[in-house]
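Biologist: Would you take one part of this model, examine it closely, and then set it in the context of the whole chain? I should like the reasoning to be given along with the values.

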Amino acid sequence: MLRAKGYLRYVDDFALFHDEPGQLEDWRRRIEGYLEGRRLKLHPRKTEILPTAEPAAFLGFVLLPDGRRLLPEANVRRFRNRLRGLRDRWRTGPVEPPEVRRRIVSWIAHAEHANTRRLRRSIFSAVRFYRAPEPGPPPNAFCAAAPGTTNRGTSAPRTATGTTLATGTTTTASALPARSTAGASDPTGPVGER
């Protein structure tokens, strides 16, 4: 038993704190011996003794001495690449919006545990999910002319407003289905055209 006062553990990751580097090295040797008896060993690249004044990687974050948490650059780079690939597959059709949303929300849930607000805004403003419109009229589009206000030469009847064929005016309206956006302000919203 180490009896370390400064100790932090999450599942199989842990951090020990002490003012003396020699004490930390002794603990490392004792932990290695304990694990060896169970046919386990410490990860060679992730086991290190560092001053708390230096940034340290722990649980998928970079912990800074001032208390901020950042994502490692490699993590951000991988997500940007995956997001672009996901967008490209979504544009061609094999990936549906619920899957896109699930993957994005999953990464955001992890990233929100770090100081990443500007990073997330930057990522989601740079990668837009947009499908080129199909040729021809948009689906569910319609036009409507107000009765009695059509151009001269048509057979629309007179209306109560007194519009006559001689003063013919045209009023048209078109409506399209509402489009959702997946912008930086709401990357978890529905994936749609922009």
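Modeller: Ile49 has a relative accessibility of 33% and therefore counts as partly exposed, because that class lies between the limit for buried, under 20%, and the limit for exposed, over 50%. The model is a predicted one, and every value given here is computed from it. Ile49 belongs to the loop that connects H1 with E3. When residues up to four places away in sequence are not counted, Ile49 touches Pro21, Leu24 and Glu25. Ile49 can also be placed relative to Phe17: the two are 32 residues apart in sequence, and their C-alpha atoms are 9.4 Å apart in space.

One of the residues that Ile49 touches, Leu24, leads to helix H1, where Leu24 is buried together with Trp27, Ile31 and Leu35. These four cover an arc of only 70° around the axis, which puts them on the same side of H1. The spacing follows a general rule: an α-helix has 3.6 residues a turn, so residues three or four places apart point the same way. Strand E2 is included in what covers the buried residues of H1. The face of the helix turned away from that buried side carries the exposed residues Gly22 and Glu36. In length, H1 comprises 16 residues and reaches 23 Å from its first C-alpha to its last, close to the 22 Å expected at 1.5 Å a residue.

H1 also takes part in the largest pocket, which holds about 1700 Å³ of space. This pocket is lined by 48 residues, and Phe14, Ala15, Leu16, Lys46 and Phe58 are the closest to its centre. H1 gives the most to the lining, with eight residues. At least two residues each come from strand E1 (6-10), strand E2 (13-17), helix H1 (21-36), strand E3 (56-58) and strand E4 (61-63). By class, the lining divides into 30 nonpolar, five polar and 13 charged residues.

The loop between E1 and E2 contains Val11, whose phi is positive, at about 55°, although Val11 is not a glycine. Val11 has a relative accessible area of 56% and is therefore exposed. A second such case is Arg3, in the segment before E1, with a positive phi near 60° in a residue other than glycine. Arg3 counts as exposed as well, at 67% relative accessibility. As background, most residues other than glycine have a negative phi.

Further along the chain, helix H2 (residues 73-92) can be read in the manner used for H1. H2 has 20 residues and spans 29 Å between its first and last C-alpha, close to the 28 Å expected at 1.5 Å a residue. Its buried residues are Asn75, Val76, Phe79, Leu83, Leu86, Arg87 and Trp90. Seen down the axis of H2, they fall within an arc of 105°, so they line one face of the helix. Helix H3 (97-111) and helix H4 (117-126) are included in what covers them, while the face turned away from the buried side carries the exposed residues Glu73 and Thr92. Just after H2 comes Gly93, with a positive phi of about 110°.

Within H2, Arg87 invites a separate remark, since a charged residue is involved. Its relative accessible area of 14% makes it buried, because the limit for that class is under 20%. Apart from residues up to four places away in sequence, Arg87 touches Val127, Arg128 and Phe129. Thr116, in the loop between H3 and H4, is buried too, at 3% relative accessibility. Leaving aside neighbours within four places in sequence, Thr116 is in contact with Leu71 and Ala111.

For the chain as a whole, the secondary structure comes to four helices and seven strands, in the order β-β-α-β-β-β-α-α-α-β-β from the N terminus. Of its 194 residues, 21% count as buried. Among contacts with a separation of 6 or more, 51% join residues 24 or more positions apart.

Definitions and conventions: Residues numbered from 1 in each chain as written. Predicted model: local features only at pLDDT ≥ 70, side-chain atom pairs only at ≥ 80, totals over all residues. Heavy atoms only, no water. 1 Å grid on protein atoms, 1.4 Å probe; cavity = no way out; pocket = protein on both sides within 12 Å on 5 of 7 lines; lining within 4 Å. Points joined across faces, edges and corners; volume = space filled by probe spheres on them. Expected span 1.5 Å × (residues − 1). Buried < 20%, exposed > 50% of the residue type's maximum accessible area, 1.4 Å probe, protein only. Arc of directions from axis to C-beta. Contact = heavy atoms within 4.5 Å.
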